[in-house]
Amino acid sequence: MGTQSIIEQGHDHGIIENPDAPFDKLVLQYGPPRSGTTLVYNSLNRIFKRVGKTHQYLNFEGLSSFPDLCDNVVATYRDFRDICVSIWRVENNIKPEELLNGGRKMTNQEILDFTSITHHRCLNLNRYIETKDEHNLLLLKYEDFYKNIPALIKEYEKHFDIEISEELKAEIENSCSLKAHKKIADSLDSFKEHEEISLIHGYHILKNGEPGMWKQLVEPNSQEMITDLLQQYLEPFGYIE
């Protein structure tokens with residue numbers, strides 16, 4: 001993979017240029033925080049020459065150098081309870097071992113606070129969906145791709161009508177696997193530290209990124225509470241009936 005440099009800054013994103021990528025297209029990668037955005041971002045920037053990453057809704061009217069950025073948006077989402085507890089753990093810089101041994105769980109007040117934050121950070125997802133035709137939107141569900149990069153690559157090929165070489169597929173599967181990303185994350189001391197190119201933070205991945213971790217981090221008698229507070233997202237996206 002070629003040397004990458006940030007060539008434009010926006011809100012919380014950078015547009016990364018990779019001259020060695022095979023496809024000359026500008027793609028914006030969006031998702032609520034903690035929804036698999038970093039995995040998707042790192043796979044996209046091996047395929048397309050310019051990729052931006054953001055958690056915002058961006059129309060880029062002021063960025064005349066990149067007028068086509070929002071013509072191609074790849075968005076991610078996951079169980080919004082997992083998003084909530086993941087935001088909670090990284091905001092509090094909680095070490096994974098403290099969570100996995102049962103030493104820390106969300107209090108009811110934290111559930112109230114962080115479901116409110118989750119609502120705020122997920123509003124932009126609906127905005128992209130509402131304007132999907134303007135953005136050539138590809139919407140990806142975390143639970144479908146987090147352990148299945150070949151399926152993720154097929155989604156790219158189908159949506160963008162491209163054919164990715166077997167060599168590049170193998171590179172993406174190797175470098176973007178949870179194992180590879182966890183190795184980088186484990187080399188960093190806290191979530192406040194991150195690798196510049198991959199944007200992987202310390203404590204980035206908890207227990208191999210498995211879905212449903214919210215059930216282990218929220219007390220049983222509070223699980224109905226977090227579900228009710230996030231119902232407006234969980235129901236339309238198929239996480240509850």
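**Exercise 1. Helix H1 and its cover**

Task: Work out how many residues of helix H1 (residues 37–44) are buried, and name them.

Solution. Helix H1, residues 37–44, is mostly covered, with eight of its eight residues buried. Please keep in mind as you work that this is a predicted model. Going along the helix, the buried residues are Thr 37, Thr 38, Leu 39, Val 40, Tyr 41, Asn 42, Ser 43 and Leu 44. For the wider setting, buried residues make up 52% of the 241 residues in the protein.

**Exercise 2. A closer look at Val 40**

Task: Find out whether Val 40 is buried or exposed, and list what Val 40 is in contact with beyond its neighbours within four places in sequence.

Solution. Start with the location: Val 40 lies in helix H1. Next, take its relative accessible area, which is 0%; a residue counts as buried under 20%, so Val 40 is buried. Now set aside the neighbours within four places in sequence, and the contacts of Val 40 are Gln 29, Val 74, Thr 76, Leu 140, Phe 145, Leu 152 and Tyr 156. Pick one of these, Val 74: it sits 34 residues from Val 40 along the chain, and their C-alpha atoms are separated by 8.4 Å. You can then turn to the protein as a whole, where residues 24 or more positions apart account for 71% of the contacts with a separation of 6 or more.

**Exercise 3. How H2 meets H4**

Task: Describe how helix H2 (residues 80–91) and helix H4 (residues 108–130) are placed, starting from their axes.

Solution. First, the distance and angle: the two axes come within 9 Å and cross at roughly 115°. Angles of 65 to 115 degrees count as roughly perpendicular, and H2 and H4 are therefore roughly perpendicular to each other. Second, the handedness: H2 passes H4 in a right-handed crossing. Third, the residues: H2 brings Phe 80, Ile 83, Cys 84, Ile 87, Trp 88 and Glu 91 to the contact, while H4 brings Glu 110, Phe 114, Thr 115, Ile 117, Thr 118, Cys 122 and Leu 125. Sorted by class, this contact has nine nonpolar, two polar and two charged residues. The spacing of such lists has a simple background: an α-helix has 3.6 residues a turn, so residues three or four places apart point the same way.

**Exercise 4. Two residues with positive phi**

Task: For Arg 34 and Asn 93, give phi, then the loop and the accessibility of each.

Solution. A reminder helps here: most residues other than glycine have a negative phi. Arg 34 is not a glycine, yet has a positive phi of about 70°. Arg 34 is found in the loop between strand E3 (23–30) and H1. With 12% relative accessibility, Arg 34 counts as buried.

Now for Asn 93, whose phi is also positive, near 50°. Asn 93 is placed in the loop between H2 and helix H3 (96–100). Its relative accessible area is 27%, so Asn 93 is partly exposed. As a last step, look for a partner far along the chain: Lys 192 is 99 residues from Asn 93 in sequence, and the two are 7.9 Å apart, C-alpha to C-alpha.

Note on methods. Residues numbered from 1 in each chain as written. Predicted model: local features only at pLDDT ≥ 70, side-chain atom pairs only at ≥ 80, totals over all residues. Heavy atoms only, no water. Buried < 20%, exposed > 50% of the residue type's maximum accessible area, 1.4 Å probe, protein only. Contact = heavy atoms within 4.5 Å. Axes fitted to C-alpha atoms, helices over the stretch in contact; angles between N-to-C directions. Helix = DSSP H or I, 4+ residues; strand = E, 2+ residues; numbered from the N terminus. Parallel < 35°, antiparallel > 145°, perpendicular 65-115°, else oblique. Left-handed = near helix turned anticlockwise from the far one by under 90°. Nonpolar A, V, L, I, M, F, W, Y, C, P; charged D, E, K, R; others polar.
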